[in-house]
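Me: I am new to this structure and would like a close look at one part of it. Please begin at the surface, then go through one sheet strand by strand, with the reasoning spelled out where there is any.

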Amino acid sequence: MAKSIHELREIEVPEDVKVVISGNTVTVEGPKGKLTRTFNIPKNISLRVEDNKVIVETFFANRRLKALVGTIASHIRNMIKGVKEGYRYKLKIIYSHFPISVKVEGDKVIIENFLGEKAPRIAKIVGEDVKVKVEGEDIIVEGLNIEHVGQTAANIELATKIKEYDPRVFMDGIYIYERE
């Protein structure tokens with residue numbers, strides 16, 4: 001496969017968002033808060049801010065470097081969206097056999113009485129900026145970092161995964177139904 005001579009990705013920075021790049025560390029600050037991330041990138045990929053644009057570029061890129069440029073650009077785009085709008089996942093508590101009770105304590109979500117089990121199931125909340133609220137039959141996971149919000153929602157969903165029973169009969173669990 002031939003090498004690409006110049007691989008370039010530009011990310012538009014909104015007016016109310018500030019991006020600072022120092023070395024491999026990118027700091028994005030916006031109306032909702034601040035996110036910082038250090039990228040482990042090779043020396044031949046450069047990051048810089050010019051005219052309200054973040055530029056990620058490399059020269060003589062092979063397949064791996066092209067993919068890395070796109071990945072870094074996507075991470076920065078997600079950070080900008082996170083500090084501007086934030087991310088929200090909604091999960092639905094579904095049960096037909098035993099009523100499930102869910103509560104948040106510190107950095108854990110505690111799921112009690114799942115399928116009538118005596119021991120509670122525990123899901124970890126990833127990151128300090130993630131907020132989890134239980135509103136009736138819904139669980140709302142909000143935060144600035146898409147990776148932390150998504151992993152927390154996945155942890156809650158995985159905590160109620162059923163292995164021994166037929167999933168067509170026992171549909172009890174907590175399921176992600178909306179991403180914003």
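Reply: In this predicted model, I5 is exposed, because its relative accessible area is 59% and a residue counts as exposed when that value is over 50%. I5 belongs to strand β1, which covers residues 4-12, and together with F59 and F60 it forms a nonpolar patch on the surface, where the three residues have about 360 Å² of accessible area together.

For the sheet, we can turn to a strand with another setting, β12, which consists of residues 138-143. Of its 6 residues, 6 are buried, so β12 is largely enclosed by the rest of the structure. In a regular strand, side chains alternate between the two faces of the sheet. In β12 both faces are covered, since D138, I140 and E142 are buried on one side, while I139, V141 and G143 are buried on the other.

The sheet to which β12 belongs is open and has 4 strands, arranged in the order β11-β12-β7-β13 with antiparallel pairing. The edges are taken by β11 (131-135) and β13 (173-179), and because each of these has a single partner strand, one side of each is left without a neighbour in the sheet. From one strand to the next, the twist averages 25°. Helix α2, made of residues 146-159, packs on this sheet and touches β7 (87-94), β11, β12 and β13, and the direction of α2 makes about 5° with that of β7.

The pairings of β12 can now be followed one by one. With β11, strand β12 runs antiparallel, and 5 bridges join the two. Among the residues that face each other here, V134 of the pairing stands opposite I139 in β12, and V132 has V141 in β12 as its bridge partner. The two strands β11 and β12 form a hairpin with 2 residues between them, and in the turn G136 has a positive phi of about 65°.

With β7, strand β12 again pairs in the antiparallel sense, here over 6 bridges. In β12, D138 stands opposite K92, and D138 is also one of the buried residues described above.

Notes: Residues are numbered from 1 along each chain as its sequence is written. This is a predicted model: local features need pLDDT of at least 70, side-chain atom pairs count only at pLDDT 80 or more; totals for chains, interfaces and linings use all residues. Side-chain values use heavy atoms; hydrogens and water are left out. Two strands pair if DSSP finds at least two bridges between them. Axes are lines fitted to C-alpha atoms, for helices over the stretch in contact, and angles run from 0 to 180 degrees between N-to-C directions. Contact means heavy atoms within 4.5 Å. Patches are made of residues with over 30% relative accessible area and no salt bridge: like charges are joined within 9 Å, nonpolar side chains (Val, Leu, Ile, Met, Phe, Trp, Tyr) within 5 Å. Accessible areas come from the Shrake-Rupley method with a 1.4 Å probe; for residues, only the protein chains shown count as cover. A salt bridge is a side-chain nitrogen of Lys or Arg within 4 Å of a carboxyl oxygen of Asp or Glu. Buried means under 20% relative accessible area, exposed over 50%, partly exposed in between (1.4 Å probe, protein chains only).
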